[in-house]
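Good morning, and thank you for the opportunity to speak. I would ask you to keep the sequence and the structure in view while I go through a few of the local features.

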Amino acid sequence: MPIEKADVVAHFTKRFGQPPRWVIRAPGRVNLIGEHTDYNDGFVLPLAIDRAVWIALRPRDDRRIAVYSVDYDQTGEFSLDDLRNEKAGWIEYLKGTAWSLQDAGFALTGWEGVLQGDVPLGAGLSSSAALEMATARALAAAGNLDWNPAKMAKLGQRAENKWVGVNCGIMDQLISAAGRANHALLIDCRTLDTQPVPFPPGTAVVVLDTSTRRGLVDSAYNERRSQCEAAAKFFGVSVLRDVTMKQFQQKAGRLDDVTRRRALHVIGENDRTVQAAAAMRRGDAVETGRLMNESHRSLRDDFEVSSDALNAMVECASAHAACYGARMTGAGFGGCAMALIRADAAEDFVAKTAAAYEKKTGHKPAVYVCHATNGAEIV
Ligand code: ADP
Ligand code: MG
């Protein structure tokens, strides 16, 4: 069962002897389609999910921030006047977010509270972005700041890039900040424009956690980013967003094979993402699923960021008659796949896919239906 407000309030009250002033919730996410497109200024189509990072807090008179992490059973503490990067640990995400907001000119104030989450760590559902957005929302509540989701997402991304040192795109923070209940968001990662997209009637989204986690993701990710930059340069633009499929086909013969396939994935994936949003708006689950399957094939064969476990999971999910489409989600190499299925068969799909995957790989997966929720908010 997902964490609820009462759980976090109980933890806060136990520690501080009174209820919190604010309770913040910022969700993790799954991406329906549009993978490795965000750092190419392209399109993504994620949903905020009912797995989240929560912070319950009250203001302090001084400029300190003190947080007890329920999951780590640890307290982290720092002063807004003396932000030092200790390079490791969950508190760095909070410090980095405070640094980023302060650096952008926001006047912050101190607070204390408890932190608890149920976004699995390192599974590709972006617990780190959820933590950054929960922190930003808490800082905004305590400091009485305006809450502009796109602006805060950019500052959260900056914290992750510059303070934590992970070179991520904008998708994770933006969907965690701006998600909309019962909708996916079509995000233009160039303009940060977001459009809510309803799900086709009678469908459900299922998270398929392979329970594998791969190291070396960062180096492979950075390598893909440089390959995309090299491809853009070849086409005479700064990002692949500005290359059409037609332009690609006219010139791609002169590219080396690897760079050509990397570019083909990104350019095709941008088109598929826009098409998938249109299909969803028409209520066309079959076409949405077809585009998801095609996305997986492209990530596996052309972009080469899938893994045996992810491929096995996608095959097991696709074998079920209720599955419209399935694909790896997130950066890849391990973590989660996801599927769009017929909602009335959800129970059977979950049981059969989990059993088939375990039989095939020997790994015990976590498979669950998820619901689209709002982005970071005071609840
Ligand atoms: P993900 O793919 O889930 O974003 P990351 O490695 O980017 O994986 O981020 C995971 C890190 O975020 C954890 O190691 C931890 O430092 C922090 N984090 C996430 N959720 C929590 C939580 N509930 N409580 C404390 N720290 C958390
Ligand atoms: Mg992360």
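Ser211 lies in the loop that runs between strand S9 (203-209) and helix H6 (217-234). Please note that this is a predicted model. Ser211 is not a glycine, and yet its phi is positive, at about 60 degrees. Is this serine buried or exposed, or does it fall in between? With a relative accessible area of 36%, Ser211 is partly exposed, because that value falls between the limits of 20% for buried and 50% for exposed.

A second serine deserves a place beside it. Ser126, also not a glycine, has a positive phi of about 65 degrees. The loop that holds Ser126 is the one between S6 and H3. The relative accessible area of Ser126 is 11%, so this residue counts as buried.

Let me now turn to strand S6 itself, which covers residues 111-117. Gln116 belongs to this strand. Its relative accessibility is 10%, and Gln116 is therefore classed as buried. Which residues does Gln116 touch, if we leave aside its neighbours within four places in sequence? The contacts of Gln116 include Ile3, Asp7, Val8 and His11. Also among them are Ala52, Val53 and Trp54, together with Val70 and Asp71.

On the other side of the Ser126 loop we reach helix H3. Helix H3 spans residues 127-143, and helix H4 spans residues 149-164. How do these two helices meet? Their axes come within 9 Å and cross at roughly 125 degrees. H3 and H4 are therefore described as oblique to each other. The crossing of H3 with H4 is right-handed. On the H3 side, the contact is made by Ser128, Ala129, Glu132, Met133 and Ala136. On the H4 side, Met152, Ala153, Gly156 and Glu160 take part. Sorted by character, the residues of this contact comprise five nonpolar, two polar and two charged.

I should like to set a second helix pair next to that one. Helix H9 (residues 285-301) and helix H10 (residues 308-318) have axes that come within 12 Å and cross at roughly 160 degrees. What does that angle say about their directions? An angle over 145 degrees counts as roughly antiparallel, and H9 and H10 are therefore roughly antiparallel to each other. The crossing of H9 and H10 is left-handed. H9 contributes Asn293, His296 and Arg300 to the contact, while H10 contributes Leu310, Asn311, Val314 and Ser318. The residues in the contact of H9 with H10 divide into two nonpolar, four polar and one charged.

My last topic is the cysteines. How many disulfides does the model contain? The count is zero, and the distances between sulfur atoms help to explain it. A disulfide requires two cysteine sulfur atoms within 2.5 Å. For Cys316, the closest cysteine sulfur is that of Cys323, at 11 Å, which is too far for a bond. For Cys336, the closest cysteine sulfur belongs to Cys370, at 9.6 Å, and this is likewise too far for a bond. As for their surroundings, Cys316 is counted as buried because its relative accessibility is 10%. Cys336 is buried as well, with a relative accessibility of 0%.

Thank you for your attention.

How values were computed
Residues are numbered from 1 along each chain as its sequence is written. Chains are lettered from A and ligands numbered from 1 in the order in which they are written. This is a predicted model: local features need pLDDT of at least 70, side-chain atom pairs count only at pLDDT 80 or more; totals for chains, interfaces and linings use all residues. Side-chain values use heavy atoms; hydrogens and water are left out. Buried means under 20% relative accessible area, exposed over 50%, partly exposed in between (1.4 Å probe, protein chains only). Axes are lines fitted to C-alpha atoms, for helices over the stretch in contact, and angles run from 0 to 180 degrees between N-to-C directions. Helices (H or I, at least four residues) and strands (E, at least two) are DSSP runs, numbered from the N terminus. Angles under 35 degrees count as roughly parallel, over 145 as roughly antiparallel, 65 to 115 as roughly perpendicular and the rest as oblique. A crossing is left-handed if the near helix is turned anticlockwise from the far one by less than a right angle, and right-handed if clockwise. Contact means heavy atoms within 4.5 Å. Ala, Val, Leu, Ile, Met, Phe, Trp, Tyr, Cys and Pro count as nonpolar, Asp, Glu, Lys and Arg as charged, and the others, Gly among them, as polar.
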